Amino acid sequence: MSLLPVFRWHLAPDGYATRRQLRARDLRPGGQDIAAQLERPRRRGRPPLVAYLYRIELAKPVRPMTPGRWRAHDAMMRARRTCPECRRDAGYVIPPTLGTCVTCAYPEEQRAA
């Protein structure tokens, strides 16, 4: 196992980027291994926050969305918006903490309004 170079927060040299930074440039890691890591120290003996870095020159362009991927994405979002109780499209992503649409989760408040 090779040791990764470790940089302090905000002190990574040019040529490295996190996944989010790559995505902002329409790039992806493209199968490359993690090249380095950033560490942000924290207080009270807690372990540092770690962010993994990838080489920008080895990154590949993001794959385009195909019609099949769009269909799968639409189906996934439709499932997240459909209430399992009343089977209606809520028009918003149902919060996992409720598990149902607001109307089903709080029926007494909907009658009072």
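In what order do the four strands form the open sheet, and is the pairing mixed or of one kind? I put this to the model, which is a predicted one, and I read the order as 1-4-5-2, with mixed pairing. I then looked for the edge strands, and I noted strand 1 (6-8) and strand 2, each of which pairs on one side only.

Next I went through the partners of strand 5. I found that strand 4 (residues 36-40) and strand 5 (residues 49-55) pair in the antiparallel sense over five bridges, and within this pairing I looked up Arg-40, whose bridge partner in strand 5 is Leu-49. I also checked strand 2 (residues 16-17), which pairs with strand 5 in the antiparallel sense over two bridges; here the bridge partner of Tyr-16 in strand 5 is Arg-55. As a reminder to myself, strands of a sheet pair through backbone hydrogen bonds, either parallel or antiparallel.

I turned then to the surface, asking which residues make the nonpolar patch. I listed Leu-4, Ile-34, Val-50 and Tyr-52, which together make a patch of about 300 Å². Of these I followed up Ile-34, which I located in the loop between strand 3 (27-28) and strand 4. Why does Ile-34 count as partly exposed? I recorded that its relative accessibility is 31%, and it counts as partly exposed because that value lies between the cut-offs of 20% for buried and 50% for exposed.

Terms used:
Residues numbered from 1 in each chain as written. Predicted model: local features only at pLDDT ≥ 70, side-chain atom pairs only at ≥ 80, totals over all residues. Heavy atoms only, no water. Pairing = 2+ DSSP bridges. Patch = residues over 30% accessible without salt bridge, like charges linked within 9 Å, V, L, I, M, F, W, Y side chains within 5 Å. Areas by Shrake-Rupley, 256 points an atom, 1.4 Å probe, with all protein chains shown as cover. Salt bridge = Lys/Arg side-chain N within 4 Å of Asp/Glu carboxyl O. Buried < 20%, exposed > 50% of the residue type's maximum accessible area, 1.4 Å probe, protein only.
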